[in-house]
Structures are given as structure tokens and as C-alpha cells.
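Student: Hi! Could you walk me through a structure I haven't looked at before?
Tutor: Happy to, let's bring it up.
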Amino acid sequence: MSSIAAIILAAAKAAGVPGALLLAICPHENHLSNLDVPHDGGSASIGVCMIKYATAEGMGYRGKAYSNKLKPSKFKGVMEPVGKPTGLLAPETNAKYAALY
């Protein structure tokens, strides 16, 4: 099991949701890659679980979306963080708010 999968399962357990459910949704969205995907008129989906900033904020998140610089990823039109991920790009934070949602 990957470390990202373990993070997602731990977040699911802490939120009281089935780990298999969250683990099925997140890879479907982005193959467990830590990305920033701009769409919907500029509203990006962020991180390993592809959560939107407004959704995380609605679930109680109060930080920045992220403070990383971004670089193009191997996926066309998609960005990935440079350096240690911050904010919603941090897998633990991203999975926590995705699980709460």
C-alpha cells in the first residue's frame, strides 16, 4: 500500500467513513497524484483527493489553499507542487477535509 493510500485510509477512519469508499474515489479523480487542476472557470481541484478550496473551507478548513510554487505535471494543463506540499496540497490535510466532505 502506498503512503498516500495509508494517509487516505487514516483520514477516513478519523472521519468515521469507510476507508474503501474514500480510497475508491480519490484514485478515480487523479490516480493519487498530488496536483492542482484548474477548471470550472478557474476554481481548481486540489491535492490527492481533488477537493476544492471552497468545499474544504465549508468543512472547517481555515488555511491557505497552498503556498507552493507550481510546475507543469506530466498531465497536460495540470500543475504539481514544487517542494514540500503545503495547505490543501499536503496529503494529510487534503485527505482530512475530503473525508469530512
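Tutor: A good place to start is Asn 94, which counts as buried at 0% relative accessibility. Buried means under 20% relative accessible area, exposed means over 50%, and partly exposed lies in between (1.4 Å probe, protein chains only).

Student: Before we go on, what kind of model is this?
Tutor: This is a predicted model, where local features need pLDDT of at least 70, side-chain atom pairs count only at pLDDT 80 or more, and totals for chains, interfaces and linings use all residues. Residues are numbered from 1 along each chain as its sequence is written, and side-chain values use heavy atoms, with hydrogens and water left out.

Student: Thanks. Where does Asn 94 lie?
Tutor: Asn 94 is in helix H4. Helices (H or I, at least four residues) and strands (E, at least two) are DSSP runs, numbered from the N terminus.

Student: And what does the side chain of Asn 94 reach?
Tutor: The backbone oxygen of Ile 46, at 2.6 Å. That is a polar contact, a pair of N or O atoms within 3.5 Å; within protein, one must be able to donate a hydrogen and the other to accept it, and residues adjacent in sequence count only if both atoms are side-chain atoms.

Student: Which residues does Asn 94 touch, not counting those up to four places away in sequence?
Tutor: Asn 94 touches Ile 46, Gly 47, Val 48, Cys 49, Met 50, Ile 51 and Leu 88. Contact here means heavy atoms within 4.5 Å.

Student: Met 50 is on that list. Where is Met 50 found?
Tutor: Met 50 is in the loop between strand E2 (45-46) and strand E3 (51-52). Its phi is near 55 degrees, a positive value in a residue other than glycine.

Student: Is Met 50 buried or exposed?
Tutor: Met 50 counts as buried, because its relative accessibility is 12%.

Student: New topic: how many aromatic pairs are there?
Tutor: The count comes to two. The rule is that rings of Phe, Tyr and Trp (its six-membered ring) pair if their centres lie within 6.5 Å; planes under 30 degrees apart count as stacked, over 60 as edge-to-face and the rest as tilted. One pair is Tyr 53 with Tyr 61: their ring centres are 6.2 Å apart and their planes stand at 85 degrees, so the pair is edge-to-face. In the other, the rings of Tyr 61 and Tyr 97 have centres 5.3 Å apart and planes at 70 degrees, so this pair is edge-to-face.

Student: Where do Tyr 61 and Tyr 97 sit along the chain?
Tutor: They link distant parts of the chain, 36 residues apart: Tyr 61 is in the loop between helix H3 (53-58) and strand E4 (70-72), and Tyr 97 is in helix H4 (residues 91-100). Tyr 61 and Tyr 97 are both buried, whereas Tyr 53 is partly exposed at 27%. Tyr 53, Tyr 61 and Tyr 97 form one aromatic cluster.

Student: Nice. How much space lies in the largest pocket?
Tutor: About 270 Å³. Of the 15 residues that line the largest pocket, those closest to its centre are Leu 22, Ile 25, Cys 49, Ala 98 and Tyr 101. On a 1 Å grid over the protein atoms alone, a pocket is an open set of points where a 1.4 Å probe fits, with protein on both sides within 12 Å along at least five of seven lines, and lining residues have an atom within 4 Å of a point.

Student: Which elements supply the lining of the largest pocket?
Tutor: Helix H2 (19-30), E3 and H4 each supply at least two residues. The largest share, five residues, comes from H2.

Student: Last stop, the loop between E4 and E5. Which residues lie there?
Tutor: Among them are Ser 73 and Phe 75, with strand E5 spanning 79-81. The side chain of Ser 73 reaches the backbone nitrogen of Phe 75 at 3.0 Å. Ser 73 counts as buried at 14% relative accessibility, while Phe 75 is partly exposed at 30%.

Student: What is Phe 75 in contact with, leaving aside its neighbours within four places in sequence?
Tutor: Phe 75 is in contact with Ser 33 and Leu 35. The C-alpha atoms of Phe 75 and Leu 35 are separated by 9.4 Å, and the two residues are 40 residues apart along the chain.

Note on methods
Points joined across faces, edges and corners; volume = space filled by probe spheres on them.
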